[in-house]
Amino acid sequence: MKAIRVSQLGGPEVLQYVDVDTPKPGAGEALVRIEAIGVNFIDVYHRTGLYKLPLPFMPGSEAAGVVEAIGDGVDSLKRGDRVAYAMVRGAYAEYAIVPAHMLVHLPDSIDSKTAAAAMLQGMTAHYLATSVHPIAAGETVLIQAAAGGVGALLVQIAKMLGARVLGTASTKHLHIAAEAGCDVVIDYTKDDFEAVVMAETDGKGCNAVYDSVGKTTFDKSLNCCGLRATLGLFGQSSGVVPPFDPSRLAKNGVFLTRPSLGHYIHTREELLDRARELFEWIGSGRLKLRIDREVRLTDAADAHRALEARETTGKVLLIPDN
Ligand code: NDP
């Protein structure tokens, strides 16, 4: 089969399109013929070495396709089942071995491209809005990078839950944050978002701040937290947040957390519940995905370049040739 392999850390050029043996599923595993692969920032962090993996490795954390074969002891799946998964590495390939307990069956209303676009960013937005800080109607939340993949989904879910949503985006993405449903859109490349948030909340700050931008926004995100607010730092698109003094949390008794999707799909039940609700929202049209572009698997490097250049708004999919 064809796959992308990383043999040395570096820029997008280290994503090599190579021939490898098609793997066989072991006990508790399934072989999935991949139809669509979701590209995520974590794939960039693996490629650059920000998140360490032993070399060589096959990148990619999310895909959808069809079960081709199952290993011993798998009774939840059969050949031909349509499935999707997230948080299992090795998705940049024509076939992948996935533990059966990580696979979710797809309802008829969800095709493979939609599923590959929804699993990781969608379940992330879901756990942020329903578990990291369960948003209550009438609350005010600040969502950084509100036009990004997770951001635009989180805005929509926060609105569904009845929040007032303040969202930031860079100049060329402002319209996307507005389309997602932000009540107030702030251009954080031009305006002081902290000042706008304080003005919009009568100086009280927000009930929750969701920050995936990291280095360039974290300080002011903390200042935007109101009394006993939650600051969910869930990414670092602009770079890693430098060490800071935890006594700064004392001002409003802020709860700071650095969650990962893995913490919130920890059990099979939790994974299935999140995926089910996500697919229901998508199937009914309440939650709209934005697929930015589809790129051939062989051109995975181009997909990474676009992501890192901040060109994309929504999901980038890789499509294998098989
Ligand atoms: P996207 O690329 O879709 O969106 C990221 C957005 O961040 C961009 O659209 C851009 O919007 C903004 N941004 C601000 N500064 C920068 C910068 N210096 N470089 C690039 N983008 C920048 O990514 P995702 O929505 O998939 O992921 C966002 C973050 O969330 C990533 O850090 C990712 O690792 C993390 N994440 C964390 C998860 C978790 O469970 N902890 C799960 C999924 C993602 P604009 O130009 O409008 O500012």
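## Exercises on a predicted model

Phe255 is found in strand S13, and the model in which it is placed is a predicted one. The exercises below begin with this residue and then move to rings, cysteines and helices.

**Exercise 1. Decide whether Phe255 is buried or exposed, and list what Phe255 is in contact with beyond its neighbours within four places in sequence.**

Step 1. The relative accessibility of Phe255 is 52%, and the label "exposed" requires a value over 50%, so Phe255 counts as exposed.

Step 2. Once its neighbours within four places in sequence are left aside, Phe255 is in contact with Arg228, Ala229, Thr230 and Leu231.

Step 3. As for a residue elsewhere in the chain, Phe255 and Ala137 are 118 residues apart in sequence, and from C-alpha to C-alpha they are 20 Å apart in space.

**Exercise 2. Find how many aromatic pairs a search of the whole structure gives, and classify the pair of Tyr127 and Tyr264 as well as the pair of Phe218 and Phe244.**

Step 1. The search of the whole structure finds four aromatic pairs.

Step 2. In the pair of Tyr127 and Tyr264 the distance is 4.5 Å centre to centre and the angle between the planes is 5°, and this pair is stacked. Tyr127 belongs to helix H2 (residues 112-132) and Tyr264 to helix H7 (residues 261-264), so the pair ties together parts that lie 137 residues apart in sequence. Tyr127 itself counts as buried, at 1% relative accessibility.

Step 3. For Phe218 and Phe244 the ring centres are 5.2 Å apart and the planes stand at 75°, so this pair is edge-to-face. Phe218 lies in helix H6 (residues 218-223), while Phe244 lies in the loop between strand S12 (225-233) and strand S13 (255-257), so parts that are 26 residues apart in sequence are tied together by the pair. Phe218 is buried, with a relative accessible area of 4%, whereas Phe244 is partly exposed, with a relative accessible area of 28%.

Step 4. Aromatic residues also appear as a group, for Phe41, Tyr45 and Tyr51 form one aromatic cluster.

**Exercise 3. Explain why the sulfur of Cys206 has no bond to that of Cys224.**

Step 1. The structure holds zero disulfides.

Step 2. The cysteine sulfur closest to that of Cys206 is in Cys224, at 6.0 Å, which is too far for a bond, because a disulfide needs the two sulfur atoms within 2.5 Å.

Step 3. Cys206 counts as buried at 2% relative accessibility, and Cys224 is buried with a relative accessible area of 0%.

Step 4. Cys206 appears again in the surroundings of Thr140, a residue of strand S8 (residues 140-143), which is buried with a relative accessible area of 13%. Not counting residues up to four places away in sequence, Thr140 touches Arg164, Leu166, Thr201, Cys206, Asn207 and Ala208.

**Exercise 4. Describe how H2 packs against helix H3 (residues 149-160) and against helix H8 (residues 268-283).**

Step 1. H2 and H3 pack at an angle of about 45°, and their axes are 8 Å apart; the two helices are therefore oblique to each other. Their crossing is right-handed, and the residues making the contact include Gln121, Gly122 and His126 of H2 together with Val150 and Leu153 of H3.

Step 2. H2 and H8 pack at an angle of about 110°, with axes 9 Å apart, and that makes H2 roughly perpendicular to H8. Among the residues that make this contact are Gly122, His126 and Tyr127 of H2 and Leu271, Phe279 and Trp281 of H8.

Step 3. Gly122 and His126 of H2 take part in the contact with H3 and also in the contact with H8.

**Exercise 5. State which residues of helix H9 (residues 300-308) are buried, what covers them, and where Arg310 stands in relation to H9.**

Step 1. The buried residues in H9 are Ala300, Ala301, Ala303, His304, Ala306 and Leu307.

Step 2. Their cover includes strand S1 (2-5), helix H1 (41-48), strand S14 (291-296) and strand S15 (315-319).

Step 3. H9 is followed by Arg310, which has a positive phi, near 65°.

Step 4. Arg310 is also touched by Ser170, which touches Asp187, Tyr188 and Thr189 as well, residues up to four places away in sequence not being counted. Ser170 is found in the loop between strand S9 (164-169) and helix H4 (174-180), and Ser170 is buried, with a relative accessible area of 10%.

Conventions. Residues numbered from 1 in each chain as written. Predicted model: local features only at pLDDT ≥ 70, side-chain atom pairs only at ≥ 80, totals over all residues. Heavy atoms only, no water. Phe/Tyr/Trp six-rings, centres within 6.5 Å; stacked < 30°, edge-to-face > 60°. Helix = DSSP H or I, 4+ residues; strand = E, 2+ residues; numbered from the N terminus. Buried < 20%, exposed > 50% of the residue type's maximum accessible area, 1.4 Å probe, protein only. Axes fitted to C-alpha atoms, helices over the stretch in contact; angles between N-to-C directions. Parallel < 35°, antiparallel > 145°, perpendicular 65-115°, else oblique. Left-handed = near helix turned anticlockwise from the far one by under 90°. Contact = heavy atoms within 4.5 Å.
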